[in-house]
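Here is a quick tour of one chain, from its overall build down to a single residue. Have the viewer open while you read.

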Amino acid sequence: MRLATWNINSIRSRVDRAIDFLDRHDIDVLALQETKCRDDQFPFERFDAAGYEVAHVGLNQWNGVAIVSRVGLTDVETAFAGQPGFDKNAGDSLIDSPVVEARAIGATCGGVRVWSLYVPNGRALDDPHYAYKLDWLSALRDNATGWLADDPDAKIALVGDWNIAPTDDDVWSPEFFAGKTHTSAPERAAFQAMLDTGFRDVIRPFAPGPGVYTYWDYTQLRFPRKEGMRIDYILASPALADQVTDAGVDREERKGKGASDHAPVIAEFTD
């Protein structure tokens with residue numbers, strides 16, 4: 001199986017890129033984040049014509065996650081147990097009440113339980129969204145712990161945009177990010193807590209840093225200056241991680257007119 005994850009930053013703007021990417025890399029399952037559309041706006045027909053099924057959850061022009069598969073797509077869940085919502089009274093004027101946002105979708109594809117995840121950004125260390133981010137990660141960790149406790153041999157992939165750079169090698173300048181989100185000690189501890197459950201970052205062994213990134217801001221010529229962050233991951237359960245044969249980042253997909261600010265991450269697994 002070839003599994004990929006990609007923060008597409010608007011599927012309607014980049015559906016042609018997504019279809020071309022699937023074909024070029026012979027992808028079996030693609031997890032998407034930041035689709036930025038409602039379910040009725042998602043271009044299902046384009047993927048169907050290419051031979052893929054799609055599960056998507058999107059509530060408005062923000063967030064949105066999907067799983068695209070040509071190896072089966074069953075048992076779809078549009079949130080994990082206890083997934084926190086965010087309250088506009090805590091600082092978000094776009095949400096009327098604590099609502100579970102479109103940030104997680106799970107499905108079984110070719111015998112692998114895949115979760116496409118768009119972890120909250122956090123915004124700033126003193127913003128209520130930062131506390132929401134940490135709560136969200138804690139709830140996800142609790143679920144991951146339970147899944148492996150129930151079945152240590154389960155094949156599970158937790159993939160997506162985690163909005164965390166877990167080490168200094170994962171950012172172009174640790175000094176630049178000092179006092180900001182994505183590199184703070186609590187966020188890095190939350191990511192490590194995910195690894196402590198037994199899930200493994202399957203990309204790093206095949207793409208060692210520093211200098212391997214998955215995100216480059218559109219501003220300040222970050223991409224040509226190679227000033228990026230590694231914040232997109234495929235975390236695999238122990239049984240699945242043992243089957244990885246290759247992995248990496250398609251940096252080329254960040255190039256050209258109309259590119260997302262993220263590059264896809266790809267891993268190949270034996271049967």
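What follows goes from the whole chain to one sheet, then to a helix pair and a serine.

Keep in mind that this is a predicted model. The chain's secondary structure comes to 6 helices and 12 strands. Its radius of gyration is 17 Å, close to the 18 Å that the globule rule gives for 271 residues, so the chain is as compact as a globular protein of that length. The C-alpha trace spans about 45 × 40 × 40 Å along its principal axes. Of the 271 residues, 55% are buried. As for contacts with a separation of 6 or more, 72% of them come from residues 24 or more positions apart.

Now for the sheet. It is an open one with 6 strands, in the order S5-S6-S7-S8-S10-S9, and the pairing is mixed. Strands S5 and S9 stand at the edges with a single partner strand each, so one side of each has no neighbour in the sheet. For S9 that partner is S10: the two run antiparallel and are joined by 2 bridges. If you want a spot to zoom in on, Asp-201 stands opposite Leu-235 in S10.

Here are the residue ranges for some of the pieces in this tour:

| Element | Residues |
|---|---|
| Strand S5 | 74–77 |
| Strand S8 | 156–161 |
| Strand S9 | 200–201 |
| Strand S10 | 232–236 |
| Helix H3 | 128–150 |
| Helix H5 | 185–196 |
| Helix H6 | 238–241 |

Helix H5 lies across S8, S9 and S10, running at about 25° to S10. H5 also packs with helix H3, at an angle of about 10° and with the axes 9 Å apart. The cut-off for roughly parallel is under 35 degrees, and H3 and H5 are therefore roughly parallel to each other. On the H3 side, the residues that meet H5 are Tyr-130, Lys-133, Leu-134, Leu-137, Leu-140, Arg-141 and Ala-144. They meet Pro-186, Glu-187, Ala-190, Ala-193 and Met-194 in H5. By type, the residues of this contact divide into 9 nonpolar, no polar and 3 charged.

One last stop: is Ser-237 buried or exposed? Ser-237 has a relative accessible area of 0%, and buried means under 20%, so this serine counts as buried. Its place is in the loop between S10 and helix H6. Leaving aside neighbours within four places in sequence, Ser-237 is in contact with Leu-148, Ala-154, Lys-155, Ile-156 and Phe-199.

Note on methods:
Residues are numbered from 1 along each chain as its sequence is written. This is a predicted model: local features need pLDDT of at least 70, side-chain atom pairs count only at pLDDT 80 or more; totals for chains, interfaces and linings use all residues. Side-chain values use heavy atoms; hydrogens and water are left out. Two strands pair if DSSP finds at least two bridges between them. Helices (H or I, at least four residues) and strands (E, at least two) are DSSP runs, numbered from the N terminus. Contact means heavy atoms within 4.5 Å. Axes are lines fitted to C-alpha atoms, for helices over the stretch in contact, and angles run from 0 to 180 degrees between N-to-C directions. Angles under 35 degrees count as roughly parallel, over 145 as roughly antiparallel, 65 to 115 as roughly perpendicular and the rest as oblique. Ala, Val, Leu, Ile, Met, Phe, Trp, Tyr, Cys and Pro count as nonpolar, Asp, Glu, Lys and Arg as charged, and the others, Gly among them, as polar. Buried means under 20% relative accessible area, exposed over 50%, partly exposed in between (1.4 Å probe, protein chains only). The radius of gyration is taken over C-alpha atoms; the globule rule is 2.2 Å times the number of residues to the power 0.38.
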